[in-house]
Amino acid sequence: MQVAFWRAINGFGLAIVIPALQSFIADSYQEGVRGTGFRMLGLIGSLGGVGGGDVTTVMAGHEYWGVPGRELCLL
């Protein structure tokens with residue numbers, strides 16, 4: 001139940017942030033290079049997903065401040 005709740009909160013936050021970022025990129029870049037801004041956004045998001053997956057995989061096998069890493073990864 002807690003996981004479903006926090007995933008809903010996370011989804012709500014992403015629903016607010018992602019369109020705002022896309023709007024910012026569309027307004028900030030000139031028409032001829034706007035695709036570069038969106039490609040960079042996609043690249044950074046992909047690298048963040050891969051990096052986050054790697055970090056959580058390593059963390060899951062250890063204990064931090066008396067808390068199992070697998071529980072910290074859910075935060």
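Q: In which helix does F12 lie?
A: This is a predicted model, in which local features need pLDDT (the predictor's confidence in each residue, from 0 to 100) of at least 70 and side-chain atom pairs count only at pLDDT 80 or more, while totals for chains, interfaces and linings use all residues. Residues are numbered from 1 along each chain as its sequence is written, and side-chain values use heavy atoms, with hydrogens and water left out. Helices are DSSP runs of H or I with at least four residues, strands are runs of E with at least two, and both are numbered from the N terminus. F12 falls within residues 2-28, which form helix α1.

Q: Is F12 buried or exposed?
A: Buried means under 20% relative accessible area, exposed over 50%, and partly exposed in between (1.4 Å probe, protein chains only). The relative accessibility of F12 is 57%, so F12 counts as exposed.

Q: How much accessible area do the residues of the nonpolar patch with F12 have together?
A: Patches join residues with over 30% relative accessible area and no salt bridge (a side-chain nitrogen of Lys or Arg within 4 Å of a carboxyl oxygen of Asp or Glu), linking like charges within 9 Å and nonpolar side chains (Val, Leu, Ile, Met, Phe, Trp, Tyr) within 5 Å. Accessible areas come from the Shrake-Rupley method with a 1.4 Å probe, and for residues only the protein chains shown count as cover. On the surface, F12 is joined by I16, V17 and L21, and the accessible area of the patch is about 380 Å².

Q: How far apart in space are I18 and G32, C-alpha to C-alpha?
A: I18 also has its place in helix α1, and its relative accessible area of 39% makes it partly exposed. In sequence, I18 and G32 are 14 residues apart, and their C-alpha separation is 22 Å.

Q: What separation do the C-alpha atoms of G51 and H62 have?
A: G51 lies in helix α2, residues 34-60. With 28% relative accessibility, G51 counts as partly exposed. G51 and H62 are eleven residues apart along the chain, and their C-alpha atoms are separated by 18 Å.

Q: Which aromatic pair is edge-to-face?
A: Rings of Phe, Tyr and Trp (its six-membered ring) pair if their centres lie within 6.5 Å; planes under 30 degrees apart count as stacked, over 60 as edge-to-face and the rest as tilted. The structure holds two aromatic pairs. The edge-to-face one has 4.9 Å centre to centre and 75° between the planes, and its members are F5 and W6.

Q: What is the angle between the planes of Y64 and W65?
A: Y64 is partly exposed at 26% relative accessibility, whereas W65 is exposed at 80%. The two rings form a tilted pair, with 6.1 Å centre to centre and an angle between the planes of 45°.

Q: What phi does W65 have?
A: Most residues other than glycine have a negative phi. W65 has its place in the loop between β1 (63-64) and β2 (67-68). Although W65 is not a glycine, its phi is positive, at about 55°.

Q: What radius of gyration does the protein have?
A: The radius of gyration is taken over C-alpha atoms, and the globule rule is 2.2 Å times the number of residues to the power 0.38. Along the principal axes, the C-alpha atoms fill a box of roughly 50 × 25 × 15 Å. A compact globule of 75 residues would have a radius near 11 Å, but the protein has 17 Å.

Q: In which element is confidence lowest?
A: The protein has three helices and two strands, in the order α-α-β-β-α. Its mean pLDDT is 88, with 99% of its residues at 70 or more. Confidence is highest in α1, at a mean of 90, and lowest, at 82, in helix α3.
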